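User: Hi! Could you walk me through this one with me? I'd like the overall picture and then some local detail.

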Amino acid sequence: MAGAGGQLGVLNALDVAKTQWYHFTAIVIAGMGFFTDAYDLFCISLVTKLLGRIYYTDYNKPKPGVLPPNVQAAVTGVALCGTLAGQLFFGWLGDKLGRKKVYGITLMLMVVCSIASGLSFGSSAKGVMATLCFFRFWLGFGIGGDYPLSATIMSEYANKKTRGAFIAAVFAMQGFGIMAGGIVALIVSSSFDHKYKVPTYQEDAKASMVLPAFDYVWRIILMFGAIPAALTYYWRMKMPETARYTALVAKNAKQAASDMSKVLQVEIEAEEDKVQHLIESQNQTFGLFSKEFAKRHGLHLVGTTTTWFLLDIAFYSQNLFQKDIFTAIGWIPPAKEMNAIHEVYRIARAQTLIALCSTVPGYWFTVAFIDYMGRFAIQLMGFFFMTVFMFALAIPYHHWTLKENRIGFVVMYSLTFFFANFGPNATTFVVPAEIFPARLRSTCHGISAAAGKAGAIVGAFGFLYAAQSTDPAKTDAGYPTGIGVKNSLIMLGVINFFGIIFTLLVPESKGKSLEELSGETEEDGVEAIEAAGSSRTVPV
């Protein structure tokens, strides 16, 4: 099977391949990594309240203990910092060593650190928190590697007709990961609840906490994340290196052809002279920091990094509002009216419901429509509706806090989540895996994803402090006064509006082959450069 024009036969074969079994195995193998990522990153929010009760309760006080602000920030945020570092490092490594090699390393790191974070030890509260933070940083580092590699592997395996849906399907496993976190916490907490029937904190503070039994609860929930990752290790190691890496980066036409002949089950000839010719062309020589890169892909990289950064500020700070919202609508009673385990159960139940009703459907809407509507339209639409709903929540904020309007508040809140996932949360992951040249693809995706995580850190920490009440009497213990929830929501609306503007820098990649988008197999000369640049135009 020889290639059309300048396109290599092996790459052309992948582009026009019908959707078949190997596409689905690739989705599951890459998707299970993402399932684990989401489980590990979001399950911590289910157990922070329990950690506060176990390690920071003073039984003479009327309310159970909570984590001090700096500990709370460290425990929830240290994994995000690790993820940012991992995205940059493994993204770069994936272009240097190959996607497959690095893929195994990140997975082992995730398995080991998941187990280790459940085994956090120490004789004092400080000791336990410090070891927990240490292991969660490295867990995040492994998770970070999964972002650029999963996206790149999927985009390089997919055919051009349904590529968007395949990459989005890998990302959509995140929704199931968040849901699984909730379900595991529900099962663990209800089984402990049945065994130890304990009174609420109000009735009997000391009896509401059975130690060391309840200390196992959070450890089991955290360690469970290792299981799905360990299960996919074998399959990840059996997957051949992607043909685009082997041919265009490792420059081994024979290997690429034989690997893909097995996968596609068709005869593909190795076009060694063509590969040689492509390698010698200028399109294959410029680096990330060259003028040539800036000219061809500079604006694209600015577009993918800024949109992901802005989206994650909004997306991660929304996740933090969850507990306040649930408490406000009475899904979660005040802490002193529950025992430690019941609290975990209630938080997990609420999070699982939100995941079921808005998070998961949003992801799959993207999978269904991305190759019809295109990435650009979905991203614009998502940012637009997120802006609208944020302002609709913020401006009449007092109205939503009244008891009779609480259900409306939850509906509006769920809709912002839905349009984040059927919108920029999915598309910002898909596009960077498509528009850059193969030898820089994983690096550029890593840079875009790291910008996103920087946004997540701003969202998670900035808003933890910003959303505090302006009245010093009403702030959470240990926090300074902030600008209040209403003003925080208005700020998020403005951030989403900027997301709409920066989306205009991102090209539409629907229905084109990866090489067309990056212009790397074009012949040299003015036409090739113009062709690569022309995909920058905003679709009409």
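Analyst: Happy to; we can start with the overall fold and then go to a helix, a pocket and a single residue. Keep in mind that this is a predicted model.

User: Sure. How many helices and strands does the protein have?

Analyst: There are 21 helices and zero strands. The radius of gyration is 24 Å, close to the 24 Å that the globule rule gives for 540 residues, so the protein is as compact as a globular protein of that length.

User: And what box do the C-alpha atoms fill?

Analyst: Roughly 80 × 45 × 35 Å, taken along the principal axes.

User: What share of the residues counts as buried?

Analyst: Of the 540 residues, 61% are buried. The accessible surface of the protein is about 20800 Å², and 68% of that belongs to carbon and sulfur atoms.

User: What about contacts between residues 24 or more positions apart?

Analyst: They make up 81% of the contacts in the protein that have a separation of 6 or more.

User: Let's switch to helix H1. Is it largely enclosed or not, and why?

Analyst: Helix H1 covers residues 9-16, and seven of its eight residues are buried, so the rest of the structure largely encloses it. The buried ones are Gly9, Val10, Leu11, Asn12, Ala13, Leu14 and Asp15.

User: What covers those buried residues of H1?

Analyst: The cover includes H2, helix H5 (125-157), helix H9 (243-249), H10 and helix H20 (514-518).

User: Pockets next. What volume does the second largest pocket have?

Analyst: About 410 Å³. Its lining has 16 residues, and Tyr22, Thr25, Ile29, Met239 and Pro240 lie nearest the centre of the pocket. Helix H2 (21-56), helix H8 (226-238) and helix H10 (253-264) are the elements that give two or more residues to that lining.

User: Which of them gives the most to the lining?

Analyst: H2 does, with six residues.

User: How does the lining of that pocket divide into nonpolar, polar and charged residues?

Analyst: Ten are nonpolar, four are polar and two are charged.

User: One last topic: asparagine 496. Where does it lie, and is it buried or exposed?

Analyst: Asparagine 496 lies in helix H19, residues 484-503. The residue is buried: its relative accessible area is 0%, and buried means under 20%.

User: What does asparagine 496 touch?

Analyst: Leaving out residues up to four places away in sequence, asparagine 496 touches Ala314, Phe383, Met386, Thr387 and Met390.

Technical notes
Residues numbered from 1 in each chain as written. Predicted model: local features only at pLDDT ≥ 70, side-chain atom pairs only at ≥ 80, totals over all residues. Heavy atoms only, no water. 1 Å grid on protein atoms, 1.4 Å probe; cavity = no way out; pocket = protein on both sides within 12 Å on 5 of 7 lines; lining within 4 Å. Points joined across faces, edges and corners; volume = space filled by probe spheres on them. Helix = DSSP H or I, 4+ residues; strand = E, 2+ residues; numbered from the N terminus. Nonpolar A, V, L, I, M, F, W, Y, C, P; charged D, E, K, R; others polar. Rg over C-alpha atoms; globule rule 2.2 N^0.38 Å. Buried < 20%, exposed > 50% of the residue type's maximum accessible area, 1.4 Å probe, protein only. Contact = heavy atoms within 4.5 Å. Areas by Shrake-Rupley, 256 points an atom, 1.4 Å probe, with all protein chains shown as cover.
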